Amino acid sequence: MKLPFKPSLMTIRRKPVKWIIIHHTSEMYLQPAAKIDNQIYQINSLNKGVLEMKQADINYHFVIDKIGEDYSAITCRPFVYLCDWDDIDPMINERSLHIALMGDYDIKQPEKRMYEVLAYKLLNPFMKMFGITPAKIKFHRDVSIEDITCPGDLLDLNVIVAQTRRFVLK
Ligand SMILES: [Zn+2]
């Protein structure tokens with residue numbers, strides 16, 4: 001499935017990146033394939049959700065998806081555009097990168113390898129590039145005005161931070 005490009009519907013990023021917000025995909029994309037870990041490339045199911053919800057693009061900059069035996073980081077919304085999160089303070093959102101983990105981590109136990117891929121492929125490069133400390137990596141629920149569980153009760157921020165320390169760039 002090819003999602004049409006609609007850059008005119010998105011807001012261009014004007015401020016430097018200061019925060020990284022972590023999500024899981026089950027919060028937005030109710031397609032069953034976006035909620036389970038079936039080891040098939042699942043971005044098509046997110047694209048289908050975008051078309052049904054009439055959004056400009058997937059509402060995350062990156063998604064970590066398990067394809068076959070390993071996890072990959074996939075570019076979704078180009079990060080020169082902002083994602084649209086009305087429940088997050090605009091002062092934070094206009095300085096944020098949004099990364100989502102494919103699946104539902106209220107019910108699925110995260111694998112260690114997923115944490116490693118998240119840290120090595122996305123978090124550490126962006127922390128180095130933008131001078132972001134671990135304190136500025138936030139779960140969606142911690143910056144939202146809504147009562148949500150995103151990125152899921154089973155995900156552990158301490159494990160994420162520990163993994164970023166393993167791959168720290170000096
Ligand atoms: Zn979220």
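**Figure 1. Overall view of the predicted model, in which buried residues make up 36% of the 170 residues.** The model is predicted, not experimental. Six helices and five strands form the secondary structure of the protein. Their order along the sequence is β-α-α-β-β-α-β-α-β-α-α. The radius of gyration is 15 Å, close to the 15 Å that the globule rule gives for 170 residues, so the protein is as compact as a globular protein of that length. The C-alpha trace spans about 40 × 35 × 30 Å along its principal axes. Of the contacts between residues at least 6 apart in sequence, 71% join residues at least 24 apart.

**Figure 2. Close-up of the largest nonpolar core, which has 35 residues.** The members that touch the most other members are Ile 20, Tyr 60, Val 63, Ile 64, Ile 99, Met 114 and Leu 118. Two or more residues each are given to this core by β1 (19–24), α2 (43–53), β2 (62–67), β4 (96–101), α4 (112–130) and β5 (137–139). The largest share, seven residues, comes from α4. In soluble globular proteins, nonpolar side chains tend to be buried together.

**Figure 3. Close-up of the surroundings of Met 114, a member of the largest nonpolar core.** With residues up to four places away in sequence not counted, Met 114 touches Ile 64, Tyr 71 and Leu 101. Of these partners, Ile 64 is also listed among the core members that touch the most other members.

**Figure 4. Close-up of the packing of α4 against α6.** Two packed helices are described by the angle between their axes and the distance between the axes. For α4 and α6 the angle is about 65 degrees, and the axes are 9 Å apart. This angle makes α4 roughly perpendicular to α6. The crossing of the two helices is right-handed. On the α4 side, the residues that meet α6 are Tyr 115, Glu 116, Leu 118, Ala 119, Leu 123, Asn 124 and Met 127. On the α6 side, Val 159, Ile 160, Gln 163, Thr 164 and Arg 166 meet α4. Leu 118 thus appears in this contact set and in the list of core residues that touch the most other members.

**Figure 5. Close-up of Ile 148, in the loop between α5 (140–143) and α6 (157–166).** Ile 148 is partly exposed, because 13 other C-beta atoms lie within 10 Å, whereas 20 or more would make a residue buried and 12 or fewer exposed. Apart from neighbours within four places in sequence, Ile 148 is in contact with Glu 27, His 140 and Arg 141. Gln 42 is 106 residues from Ile 148 along the chain, and the C-alpha atoms of the two are separated by 23 Å.

Methods:
Residues numbered from 1 in each chain as written. Predicted model: local features only at pLDDT ≥ 70, side-chain atom pairs only at ≥ 80, totals over all residues. Core = buried A, V, L, I, M, F, W, Y, C linked by C-beta atoms within 7 Å. Helix = DSSP H or I, 4+ residues; strand = E, 2+ residues; numbered from the N terminus. Contact = placed C-beta atoms within 7 Å. Rg over C-alpha atoms; globule rule 2.2 N^0.38 Å. Axes fitted to C-alpha atoms, helices over the stretch in contact; angles between N-to-C directions. Parallel < 35°, antiparallel > 145°, perpendicular 65-115°, else oblique. Left-handed = near helix turned anticlockwise from the far one by under 90°.
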